[in-house]
Amino acid sequence: EHQNLTEKFTCDSLEDSFHFAMCSTKGGPIRIHNHLNSTISTMLWHANDIHQTEVLARELLPIDPSDQHRFDIVSHHTHTIYDTTIPHPLAKSNRIIAARSQGGAMSKAVDVKFAKYRNLCASNGFTLVPLAFDKLGALSNQVLDLIHKCATHASNWTRHTRPINFAAKSFVRYWTQALSCQLQLHTATAAMKLATLSASLDRSPALNSVTCDARDQLNADVRRLLQLHHV
């Protein structure tokens, strides 16, 4: 781990304060990604869907043997590959498209996944379903469709195999909230880190090289995040 603020920011991302706040040597994005996939895997289990997690793409598709990309969840029941992506609508690369349309950043992330893997998956007997999550808590249409499909399977399965029956409506409500809360929890944590880092920038003589513009941008982003969460 980085030992101090000076080392923490050697990724040279001071001008992009959202990355600058959430990078933390890439620990934050990996953590939220893993938590979401774990939640989705549990939801699929309740729907009696037999699946694997973290499957190397090269084990399923005829691609470069050195390719290290892993598909997050592979359902053997439906021959479906689920790949999670978590765009931030306020990141520099997404701000324009997010401002133009609701869910624009998620749609862009889905298109990127489709462009790279959809045809290759289809030609090898798999259906690719990118699961896009807005880092501020919204869920894409693909995620909502999956929740509703799981709700139908879960309610039918538990009716015949378990003493406790899942009503489809309750299933949808529970898992929609569970996934959204995972996202919002991590975003709230990032907001607190932003506030802490902003205060550290103002106090630390070791970071005098940080430009005033970068500090002002960071502080503005802190305020915007806090306003979004009504803090």
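What share of the contacts in the protein chain with a separation of 6 or more comes from residues 24 or more positions apart? In this predicted model, the figure comes to 62%. The chain itself has 231 residues, and 42% of them are buried. Its accessible surface adds up to about 12700 Å², with carbon and sulfur atoms holding 54% of that area.

As for the overall layout, the protein chain is built from eight helices and four strands. Read from the N terminus, the order of these elements is α-α-α-β-β-β-α-α-β-α-α-α.

Strand 3, covering residues 80–85, is a good place to start looking around. Six of its six residues are buried, so the strand is largely enclosed by the rest of the structure. Here a residue counts as buried when its relative accessible area is under 20%. The side chains split into two sets: Thr-80, Tyr-82 and Thr-84 point one way, while Ile-81, Asp-83 and Thr-85 point the other way, and all of them are buried.

Strand 3 also has partners. One of them is strand 2 (residues 70–75), which runs antiparallel to strand 3 and is joined to it by three bridges. Among the residues involved, Ser-75 has Thr-80 of strand 3 as its bridge partner. The two strands make a hairpin with four residues between them, and in that turn His-79 shows a positive phi of about 55°. Another partner is strand 4 (residues 127–132), and this time the pairing with strand 3 is parallel, running over six bridges. Within it, Thr-84 is matched with Leu-131 of strand 4.

Next comes a pocket that strand 3 helps to line. The second largest pocket has a volume of about 320 Å³, and its lining is made up of 17 residues. Strand 3, strand 4 and helix 6 (141–161) are the elements that give two or more residues to this lining. Helix 6 contributes the most, with seven residues. Which residues lie nearest the centre of the pocket? They are Thr-78, Thr-80, Tyr-82, Leu-146 and Lys-149. Two of these names have come up already: Thr-80 and Tyr-82 point the same way from strand 3, along with Thr-84. Thr-80 is also the bridge partner of Ser-75. By residue type, the lining of the second largest pocket is a mix of seven nonpolar, seven polar and three charged residues.

Note on methods: Residues are numbered from 1 along each chain as its sequence is written. This is a predicted model: local features need pLDDT of at least 70, side-chain atom pairs count only at pLDDT 80 or more; totals for chains, interfaces and linings use all residues. Side-chain values use heavy atoms; hydrogens and water are left out. Buried means under 20% relative accessible area, exposed over 50%, partly exposed in between (1.4 Å probe, protein chains only). Two strands pair if DSSP finds at least two bridges between them. On a 1 Å grid over the protein atoms alone, a cavity is a set of points where a 1.4 Å probe fits but cannot get out, and a pocket is an open set with protein on both sides within 12 Å along at least five of seven lines; lining residues have an atom within 4 Å of a point. Grid points are joined across faces, edges and corners, and a volume is the space filled by probe spheres set on the points. Ala, Val, Leu, Ile, Met, Phe, Trp, Tyr, Cys and Pro count as nonpolar, Asp, Glu, Lys and Arg as charged, and the others, Gly among them, as polar. Contact means heavy atoms within 4.5 Å. Accessible areas come from the Shrake-Rupley method with a 1.4 Å probe; for residues, only the protein chains shown count as cover.
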